[in-house]
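The exercises below are to be worked with the sequence and the model side by side. Each task is followed by a solution that proceeds step by step.

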Amino acid sequence: MLAITVASLRSMLRSPSSIVFVVLFPLIFIVAFGFVKTNSLKLDVAIDPSSDTTSVLYDSLKAQPGFRFRDINDIHSLEDQLHKGRLDAVLYLAPETDSGCSITVRTSKASRERGRFVETAVNSLVQQRNM
């Protein structure tokens, strides 16, 4: 078995094209795809105009790198863009009480999977804040 492996390795090293395809070609792919950004998903999110923007949770949401916040102050325009799928979710932050604060996430039926990403990210953020 060792003799077959050694003979195979020698024959591969004698052929320059096999060295390129066995060693250099995979390295080129690793380097090329290594520069591609892995965190390229940006979710379009708007905050409901009647939300409490003074809470700590609001600041934490604004600091999330995966969210792209849209400034929409008109509730009718907000609902229209959510319905058309231009927004992935609308977040409503209720005023803080003694029991804490709550977030309501409304997602678009036009982009359900992106809405689920928003829900997951918000749930994760709330869990981190509770720890």
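Two strands are taken as paired if DSSP finds at least two bridges between them. The model to which this is applied here is a predicted one.

**Exercise 1. Determine the strand order of the sheet, and find which residue stands opposite Leu91 in strand 4.**

Step 1. The sheet is open, and its 4 strands follow the order 2-1-3-4 with mixed pairing.

Step 2. Strand 2 (67–70) and strand 4 (103–107) each have a single partner strand, so they form the edges, and one side of each is left without a neighbour in the sheet. On average, neighbouring strands are turned by 30° against each other, direction ignored.

Step 3. Strand 3 (residues 89–93) runs antiparallel to strand 4, and 5 bridges join the two. Across this pairing, the residue opposite Leu91 is Val105.

**Exercise 2. Describe which helices pack on the sheet, and at what angles to strand 4.**

Step 1. Helix 4 (residues 75–84) touches strand 1 (43–47), strand 3 and strand 4, and its direction makes about 55° with that of strand 4.

Step 2. Helix 5 (residues 112–130) lies across strand 1, strand 2, strand 3 and strand 4, and it runs at about 170° to strand 4.

**Exercise 3. Locate the largest nonpolar core and the elements that contribute to it.**

Step 1. This core has 14 residues, and those with the most contacts inside it are Val45, Leu61, Phe67, Leu91, Leu93 and Val118.

Step 2. Two or more residues come from each of strand 1, helix 3 (56–62), strand 2, strand 3 and helix 5. Another core, of 6 residues, lies apart from it and includes Ala46, Leu78, Leu82 and Val90.

Step 3. Beyond four places in sequence, the residues that Leu91 touches include Val45, Leu61, Val105 and Val118, and also Asp48.

**Exercise 4. Is Asp48 buried or exposed, and which side chain does it join in a polar contact?**

Step 1. Asp48 belongs to the loop between strand 1 and helix 3.

Step 2. Buried means under 20% relative accessible area; because the relative accessibility of Asp48 is 8%, Asp48 counts as buried.

Step 3. The side chains of Asp48 and Ser50 are joined by a polar contact of 2.7 Å. Among the contacts of Asp48 beyond four places in sequence are Ile75, Tyr92 and Arg106.

**Exercise 5. Classify the crossing of helix 1 (residues 2–14) and helix 2 (residues 16–34).**

Step 1. The two helix axes come within 5 Å and cross at roughly 105°.

Step 2. Angles of 65 to 115 degrees count as roughly perpendicular, so helix 1 is roughly perpendicular to helix 2.

Step 3. At this meeting, Met12, Leu13 and Arg14 of helix 1 face Pro16, Ser18, Ile19 and Val22 of helix 2 in contact.

Notes:
Residues are numbered from 1 along each chain as its sequence is written. This is a predicted model: local features need pLDDT of at least 70, side-chain atom pairs count only at pLDDT 80 or more; totals for chains, interfaces and linings use all residues. Side-chain values use heavy atoms; hydrogens and water are left out. Axes are lines fitted to C-alpha atoms, for helices over the stretch in contact, and angles run from 0 to 180 degrees between N-to-C directions. Contact means heavy atoms within 4.5 Å. A nonpolar core is a set of buried Ala, Val, Leu, Ile, Met, Phe, Trp, Tyr and Cys residues joined through side-chain atoms within 4.5 Å. Buried means under 20% relative accessible area, exposed over 50%, partly exposed in between (1.4 Å probe, protein chains only). A polar contact is a pair of N or O atoms within 3.5 Å; within protein, one must be able to donate a hydrogen and the other to accept it, and residues adjacent in sequence count only if both atoms are side-chain atoms. Angles under 35 degrees count as roughly parallel, over 145 as roughly antiparallel, 65 to 115 as roughly perpendicular and the rest as oblique.
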